[in-house]
Structures are given as C-alpha cells and as structure tokens.
Amino acid sequence: MAVLVVVSLLVKECYPLSPFPMYSNLANGAHYFYLTDGTDQPLALKPNFAVSGSDLKKKYHAYLNEVGREKGIEDAYTLGDAEQEEAGRRLFDELLVRAAKRDDWQESDTEEMKLIRVQIRRETGEIVQDRRTVLRQTIRPVTTP
Amino acid sequence: MKRFREWWRRGWKVPDYHWVELLIMRIGLAAVAWISLVGDSTFLLHEGQPHPQGIAHWIPLSWLSDAATYGVVKWIFIGALVVYVSGQLSRIALPVATLIHVLVHTLHNSQGATHHHAQIVSLVLLAQCLTHWWPSLWSLFQRLKGSDRVSGWVWSQGRRVEQWAVWFSLQAIAATYLLAALSKLIKSKGIWAFQSHNIVVEMVKTHWQNFYSRLEHSTDPEALARMNFLLDNPNAARLILGGGLALELFAFLMLYNRATALVGGLLLISMHLGIGFLMKLHFPHNEQLLLLFAVNLPFWLFFVWWRRDRVPSS
C-alpha cells in the first residue's frame, strides 16, 4: 500500500495510478461551461455530443493547457482571450466530430455555437454567478472520417 | 502506550478466507470489472487520443475504439473473467483481464476528460495479478542476481496466494482513499477541513453541470434546502466534510482485522452515499468493491449464524 501511495503521488495522473485530486482544493470560487446556439438556447451536451457538463470543462482545460504548452506558458490560467478562444475552437472541432455521429445533432439545425463560461463565487452568504462568452463560432459542416 | 503496541502487533495479518468467501469475491470482482468497462455509446465515439495519458504516451491505443475490434476485445475480457472466476489459470486470466481494463480506460482517459471511477477496479485487478506473479518474478530476480537462494520468495503466514490476493486488493482499495486524503492535505496546505465549507460552491457547479448535460434539473427542492443549510452553516459543513477526510485518512485501519474492515467499509460506503445525496456524485465501483472486500457480508452472516448456534439457550 505504501509503495502504491508514494508512486501515485510522484507520477500524478498515469492510469491506473492517480493521486485522486478531486475536490482537493475547495476555493471560494469555481467555474463551469455550457454551450448555446446562436439564439442563446442551451444545447443538451449528452444527446448532441456524448459529453457531460463535467467532461466539457475538463476537455476545454486540456486544450487550454495544450495551447499554453505550445506558447511555453505553464500556468494556463494566465492565458489571455486569444488563447482561450483557440482552446474553444479546438474543443468545438472535437465536439463537432462527435456530434456528426449523433442522431440528435443530425436532426438539429444549429448554425452557430457559443461556449459560455460561468464563474461562481460565494459572497457574504450567497452564491453569485457571472457569465461570459469565450467563443462564438459559425458551425461548418463536418464529415465523419 | 504498551497496550497500544500490543494491540498494534496483534493485527495486520492476512485473514484465513474460506474458499466460499474467495469464490464470492472472484464472482463479485469479475462482475464489477465487467460493468466498469466503458459502454459502447461513449467509447466508440473516441477519435484518436488527443490528450494521451499513462501508457498512451508510448503506445497508440485508438484502434481499441474501432467497433469490430472492441467487440472482440470485450469477448476476450469476458473469457478471461470466466476463467478467473473458476479459480484456475489465474496467472493467465488475470493479466489478460487487467491489461484490457487498463488499456480501455487509458484510452478513455486520453480524451482530455480524466475520470476517476474505474482506477480502483484496475488497481484491484493489478494487485491480484502481481500477487499471483510475484513469487515467480522474485525467483527470476534472484536467478538474474546469481543468488544461491533461488527457491523463490513465497507468500508466508501459512496463507494461500488467493488469500494474499484478497489482502492486497484491500490494500489497493485503502490506498486510493489515503491518496485522496493526502492530495487534499497537500493541495490545500493542510487547511482542507477549514476551507471545506466552500463545498457549497462545488455543489452549485455540479448542479448546473448536470443540468446542461441533458437540460434537466437534477436538484430537487430538498437538495436546494441542503445547499442553503450548508451555505448558512459553514461549521456544519466543516464538521461533515472533516469527518469524511478523517475516514479517508484512516482507511488503512481496514487492514487491521476483519472487524475493522467491516466498520471501515460500512463507514466509507456511508460516506459515498452521503456524497451522492449531497452532490449527486456517485462512485458505484468504490461502493461495490468496499462491500465485496471490506464488508464481506457472507463471512459476517455465517459468523452470526455460527455464534447463535453456540449460545446456550436459557
């Protein structure tokens, strides 16, 4: 057990090893993402893209980290709007490939998609949420490879 | 202090698991391994491995999400599990099942969204696999070293390898909880319990993430009331979550004996049910494996029946 604990703490995420960092830093704020069409109507993530709300956030941050690495910046949270948009574009590219195989998406007529970031914070006994659009993009037809 | 030392020395021994217990555990682990393999509707949508993790850094695994290939892999997995349940050829069946479970989940976790629900299953399979192979690996290591003692290091305490395999499974399970507790303490610089009242922010986040998944509200009025209670009573939140942290930190006590395994297993299952109740976050495989290896209900049912049979009636 001791070996497993030490090795997992050292190698971090390396399936099946993990330090299991879920909720390991409970800050005063958190954020999440969702998608809307051009008219601000939310798009259901699972039927359209086979991802959950939690997956959407993780995937976005994986792309943001990727953009940060390409620019030689370690802390992705310091990246600006242009980099965030780039991460959003890469996320959309992946989601649209997944969507092309989903019946719900094929039957929809969405022409524009927005990625919305919601910042939640605790302020004097109540929860406050601020929204901002990270990316607004016209959807181009994507063919399944 | 002396009494504590005596108490400490009495425990930490591999229980003498009966063959019926071992059979039930093999059936249970095979079932958990099967249901924890990724479902087709999600897995077959994976295109490549955009964010490789673990072994995917060195070996491309995207061929696994081809429908025909995955169909074959699943049948091999079922075959390995059936052989494992039979108790024969475990040294072949376990590596096959472990490898498939690890590869499939490595590809699944290489999509940019890391999930933590299946690691515990892979780790238990890996622990059992290594237990079965360790004597041979040790013997080989000694030969390579040119040692005279090439008889091989075997599991001691008069227990069979299957019994050791269950013991190391429980160690793997306890390790996941200890790791979760250590991560909390390391990342928060030791003040996790103090800042845990902020969990309500995470609860709101989880609620809305669940909502946008299907555009259906997952939070009922009672759940909203619970969120408001925690928002208004930060010390109550600290007490509840601090208790959970202590449970994770001392999960290793499950290894002391069968009774601590029972109590620890039930407490950790209660913790998961509590998290599910508060946050709609479920870790079913953790609960299943705790029920199987820590709580070990068949043993305790037999124990109660056996004791009742021997208590003299007045």
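This passage walks through the fold of chain B, its nonpolar cores and its meeting with chain A. The model is a predicted one.

Chain B is a helical chain, with 14 helices and zero strands. Read from the N terminus, its elements are therefore a run of α after α. Along the principal axes, the C-alpha atoms of chain B fill a box of roughly 65 × 65 × 45 Å. Of its 314 residues, 38% are buried. Sequence neighbours tell little of the story here: among contacts in chain B with a separation of 6 or more, 73% are between residues 24 or more positions apart.

Next comes the interior. In soluble globular proteins, nonpolar side chains tend to be buried together. The largest nonpolar core in this model has 60 residues, and the members touching the most others are B:Ala97, B:Val124, B:Leu170, B:Ile173, B:Ala174, B:Leu289 and B:Phe293. Helices of chain B that give two or more residues to this core include α2 (19-35), α4 (67-86), α12 (258-279) and α13 (284-295). The top contributor is α7(B), with 15 residues. A good residue to look for in the structure is B:Ile173: leaving aside residues up to four places away in sequence, B:Ile173 touches B:Ile120, B:Val124, B:Leu289, B:Leu290, B:Phe293 and B:Ala294. A second, separate core holds 43 residues, including A:Ala30, A:Val67 and A:Leu115 from chain A and B:Tyr212 from chain B.

The two chains also meet. Here 53 residues of chain B are in contact with 47 residues of chain A. On the chain B side, the elements giving two or more residues include α5 (90-109), α6 (119-145), α7 (161-187) and α9 (199-214). That side of chain B has 23 nonpolar, 23 polar and seven charged residues.

Chain A brings a sheet to the picture. Its three strands form an open sheet in the order β1-β2-β3, with antiparallel pairing. Because β1 (29-37) and β3 (126-138) of chain A stand at the edges with a single partner strand each, one side of each is left without a neighbour in the sheet. On average, neighbouring strands are turned by 20 degrees against each other, direction ignored. Strand β2 (residues 112-123) of chain A is joined to β3(A) by 12 bridges; within this pairing, A:Ile120 has A:Gln129 as its bridge partner in β3(A). Finally, the helix α9(B) lies across β1, β2 and β3 of chain A, and runs at about 15 degrees to β1(A).

Definitions and conventions
Residues are numbered from 1 along each chain as its sequence is written. Chains are lettered from A and ligands numbered from 1 in the order in which they are written. This is a predicted model: local features need pLDDT of at least 70, side-chain atom pairs count only at pLDDT 80 or more; totals for chains, interfaces and linings use all residues. Helices (H or I, at least four residues) and strands (E, at least two) are DSSP runs, numbered from the N terminus. A residue is buried if 20 or more other C-beta atoms lie within 10 Å of its own, exposed if 12 or fewer, and partly exposed in between; C-beta atoms are placed from the backbone. Two residues are in contact if their C-beta atoms, placed from the backbone, lie within 7 Å. Ala, Val, Leu, Ile, Met, Phe, Trp, Tyr, Cys and Pro count as nonpolar, Asp, Glu, Lys and Arg as charged, and the others, Gly among them, as polar. A nonpolar core is a set of buried Ala, Val, Leu, Ile, Met, Phe, Trp, Tyr and Cys residues joined through C-beta atoms within 7 Å. Two strands pair if DSSP finds at least two bridges between them. Axes are lines fitted to C-alpha atoms, for helices over the stretch in contact, and angles run from 0 to 180 degrees between N-to-C directions.
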